[in-house]
Amino acid sequence: MFNIAVFVSGSGSNLQAMIDKQDTLKSKICCIISNKKDAYALIRAKNHNIPSFVVTKKGKAGEQAIIEILEQFDINLIVLAGYLRILSSELINKYRGRIINIHPSLLPKYGGAGFYGLNVHKAVIENNEKISGATVHFVEEGIDTGKIILQKQLEIEEGETPESLQIKILTNIEHNLLVDSIKLLERETL
Ligand code: GRF
């Protein structure tokens, strides 16, 4: 089983989906790390008695604080679920193949610098795409570039707005995709 740390910066609806499906996993969500002290995800963690930590510091000091938490909980899988900070190559190296991220587009399309939150869905609509979706991938040094684990798509309907597409992708795809990806890794790794 994996000892999972979930990294968050905001609402944490993906974290909530993982918590709700915790019983279906062999792995355990051991701790939550946020770079924002007012992230709603922290309230979700508290409601479910999951230890949470706020690390706002950047650079070496912040990274060291994160590594201490990961070691304290014997973490062997890091899940980035809406974590809006780039990991250093030291951390990526230390946990290579053990860090996954969820992104709300069909990567490699609409990934990389600047493609986060509503920006992704705005670009998709502006380019008149017919399909979009979400991707779970391993984290490498590049932004949104690592090997894809799972991807799922949906059709974009007439009159779709960035906001409606964001909600649809979150609820219809993302909230299952992370847990499905972890299950896949459990089957392949354990
Ligand atoms: C999701 O769309 C995820 O794909 C992206 O950030 C968003 C986080 O949403 N990386 P939430 O905080 O899980 O609600």
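**Exercise 1. What covers the buried residues of α1?**

Before starting, keep in mind that this is a predicted model.

Step 1. Find out how enclosed the helix is. Seven of the eight residues of α1 are buried, so the rest of the structure largely encloses it.

Step 2. List them: Ser 13, Asn 14, Leu 15, Gln 16, Ala 17, Met 18 and Ile 19 are the buried residues.

Step 3. Look for the cover. It includes three strands and helices from early in the numbering, β1, β2 and α2, along with β4 (77-80), β5 (99-103) and α6 (162-189).

**Exercise 2. Trace the chain through β1, β2 and β3, and work out how these strands pair.**

Step 1. Start with β1 (residues 3-8) and β2: they run parallel and are joined by six bridges. To pin down the register, take Asn 3, whose bridge partner in β2 is Lys 28.

Step 2. Follow the connection. From β1 the chain goes through helix α1 (residues 13-20) to β2, a β-α-β crossover that is right-handed.

Step 3. Move on to β3 (residues 52-54), which pairs with β2 in the parallel sense over three bridges. Here Ile 32 has Ser 52 as its bridge partner in β3.

Step 4. Check the second connection: β2, helix α2 (residues 40-47) and β3 make a right-handed β-α-β unit.

Step 5. Look at the burial of β2 (residues 28-34). Six of its seven residues are buried, which leaves the strand mostly covered.

**Exercise 3. Which residues have the most contacts inside the largest nonpolar core?**

Step 1. Size it up: this core has 36 residues, and the ones with the most contacts inside it are Val 6, Met 18, Val 79 and Ile 100. Helix α6 gives the most to it, with eight residues.

Step 2. Zoom in on Val 6. Leaving out residues up to four places away in sequence, Val 6 touches Leu 15, Met 18, Ile 29, Cys 31, Ile 32, Ile 33, Val 79 and Ala 81.

Step 3. Don't miss the other core. It lies apart from the largest one and has 21 residues, among them Cys 31, Ile 78, Leu 87 and Ile 92.

**Exercise 4. Which residues are around the ligand?**

Step 1. Gather the neighbours: Ser 11, Gly 12, Ser 13, Asn 14, Gly 82, Ile 102, His 103, Pro 104 and Glu 174.

Step 2. Pull out some polar distances to ligand oxygen atoms. For Ser 11, a polar side-chain atom lies 3.4 Å from an oxygen atom of the ligand. For Gly 12, a polar backbone atom is 2.7 Å from a ligand oxygen. For Ser 13, an N or O atom in the side chain is 2.6 Å from an oxygen atom of the ligand.

Step 3. Tie this back to the first exercise: Ser 13 and Asn 14 are residues around the ligand, and both are buried residues of α1.

**Exercise 5. Hunt down the backbone oddities in the loops.**

Step 1. Check omega. The peptide bond from Leu 107 to Pro 108 is cis, with omega near 15°, and Pro 108 sits in the loop between β5 and α5 (118-126).

Step 2. Check phi. Asn 49 isn't a glycine, yet its phi is positive, about 55°. Asn 128 has a positive phi too, near 55°.

Step 3. Place these two. Asn 49 is in the loop between α2 and β3, while Asn 128 is in the loop between α5 and β6 (131-138).

Step 4. Are they buried or exposed? The cut-off for exposed is over 50% relative accessible area. Asn 49 has 70% relative accessibility, so it counts as exposed; Asn 128, at 57%, counts as exposed as well.

Methods
Residues are numbered from 1 along each chain as its sequence is written. This is a predicted model: local features need pLDDT of at least 70, side-chain atom pairs count only at pLDDT 80 or more; totals for chains, interfaces and linings use all residues. Side-chain values use heavy atoms; hydrogens and water are left out. Buried means under 20% relative accessible area, exposed over 50%, partly exposed in between (1.4 Å probe, protein chains only). Helices (H or I, at least four residues) and strands (E, at least two) are DSSP runs, numbered from the N terminus. Two strands pair if DSSP finds at least two bridges between them. A crossover is right-handed if, with the strands pointing away from the viewer, the path from the first strand over the helix to the second runs clockwise. Contact means heavy atoms within 4.5 Å. A nonpolar core is a set of buried Ala, Val, Leu, Ile, Met, Phe, Trp, Tyr and Cys residues joined through side-chain atoms within 4.5 Å. A residue is near a molecule or strand if one of its heavy atoms lies within 4 Å of it. A polar contact is a pair of N or O atoms within 3.5 Å; within protein, one must be able to donate a hydrogen and the other to accept it, and residues adjacent in sequence count only if both atoms are side-chain atoms.
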